Amino acid sequence: MKIVILDRKTLGFDMDLSIFDKFGELVSYDVTEPLDTKNRVKDADIILTNKVYVGKNELENSKVKLVCITATGTNNVDLEYAKSSNIEVKNVAGYSTNSVVQLGFSMIFYFIQKLNYYKKYVDEQNWQKSDIFTHIDEPFFELDKKRVGIIGLGDIGSNLAKKLAAFSCEIVYYSTSGKNQNSQYKSVGLEELLKTCDIISIHAPLNDKTKDLIGYKELKLLQDGTILLNLGRGGIINESDLAKILDEKEIYCGLDVVSKEPIEQSNPLLKVKNKDRLFLTPHIAWASIEARKTLIEKVEKNIEEFISKI
């Protein structure tokens with residue numbers, strides 16, 4: 001049996017993938033360009049892909065029997081064609097919850113504690129020039145008892161809410177599907193959430209209901225000092241509108257995702273003047289060492305389950 005990994009680099013070179021050797025021949029490509037995919041999968045029985053697209057053009061006339069997505073999202077596979085061709089598709093869910101929540105807290109503390117300002121103050125050798133022992137010119141706040149609104153109260157949003165309880169935060173949520181009912185926390189409308197929360201964290205999928213869910217009109221509703229996070233999917237916040245308001249109003253935004261990744265040079269967020277109000281990370285929330293190990297173990301189980309049936 002031949003297994004082909006199409007974008008091994010996305011899993012990190014610190015991860016040991018020899019776990020897959022037991023299944024047969026393993027061929028690994030760090031990255032795969034669209035024009036190379038068809039040729040690389042044609043002799044494979046199983047392919048592993050994180051973001052490389054595989055559809056009819058890539059899969060027809062191939063030997064592929066199983067596509068393992070090394071992620072949760074399935075939009076990089078033509079599911080209808082796979083089904084019609086008896087190609088099984090397996091993704092992985094629930095491996096990154098703690099990792100995503102941890103980055104959420106990191107962003108919250110970065111803003112609420114004004115860490116960027118105080119690190120810069122010391123790095124620029126200002127502390128040793130001070131005439132007193134401390135420097136508190138940039139006021140900061142406590143997380144305790146803040147009102148936090150969560151947009152998308154799935155596994156990740158719920159885990160964030162549970163951990164925020166340790167800080168006695170008041171939790172409210174908005175269900176983007178309208179189907180999520182959680183009796184533990186108060187459900188509110190989007191407008192109320194945006195107007196009343198000190199911190200807002202997005203953990204929703206990108207779909208017709210959530211694309212551009214938060215534009216200029218919605219951003220104007222935020223209180224001064226509000227911290228807005230998106231660790232869900234790029235495209236939920238309109239990036240042009242966000243870039244505009246960050247230079248108009250004192251709100252703070254932490255983003256781990258953007259609409260086109262890697263971020264394009266033309267993205268308006270890269271041109272924000274008030275850079276202290278924006279904290280961008282390159283889609284890392286999912287990728288702690290523990291999360292990636294769990295991901296690889298779950299992919300291994302998916303392959304084992306598939307082989308046991310043939």
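**Notes on the sheet and three helices**

1. Strand 3 (residues 46–49) and strand 4 (residues 66–69) are paired in the parallel sense, with four bridges between them. Within this pair, threonine 49 has isoleucine 69 of strand 4 opposite it. The model is a predicted one, and the points below should be read accordingly.

2. The sheet that holds this pair is open and has five strands, in the order 2-1-3-4-5, with parallel pairing. At its edges are strand 2 (25–28) and strand 5 (88–90), each of which pairs on one side only. The average turn between neighbouring strands of this sheet is 15 degrees, with direction ignored.

3. Helix 10 (residues 289–308) lies across four members of the sheet, namely strand 1 (2–5), strand 3, strand 4 and strand 5. Relative to strand 4, helix 10 runs at about 165 degrees.

4. Helix 6 spans residues 155–164, and its buried residues are Gly157, Asn159, Leu160, Ala161 and Leu164. What do the buried residues of helix 6 pack against? Their partners are helix 4 (97–112), strand 6 (147–151), strand 7 (170–174) and strand 9 (199–202).

5. Helix 9 covers residues 239–246; Glu239, Leu242, Ala243, Ile245 and Leu246 are buried in this helix. The cover over these buried residues includes helix 8 (216–219), strand 11 (252–255) and strand 12 (278–280).

6. One polar detail belongs to the start of helix 9: there, asparagine 238 places a side-chain oxygen within 3.2 Å of the backbone nitrogen of serine 240.

Notes
Residues numbered from 1 in each chain as written. Predicted model: local features only at pLDDT ≥ 70, side-chain atom pairs only at ≥ 80, totals over all residues. Heavy atoms only, no water. Pairing = 2+ DSSP bridges. Helix = DSSP H or I, 4+ residues; strand = E, 2+ residues; numbered from the N terminus. Axes fitted to C-alpha atoms, helices over the stretch in contact; angles between N-to-C directions. Contact = heavy atoms within 4.5 Å. Buried < 20%, exposed > 50% of the residue type's maximum accessible area, 1.4 Å probe, protein only. Polar contact = N/O pair within 3.5 Å; in protein donor to acceptor, adjacent residues only side chain to side chain.
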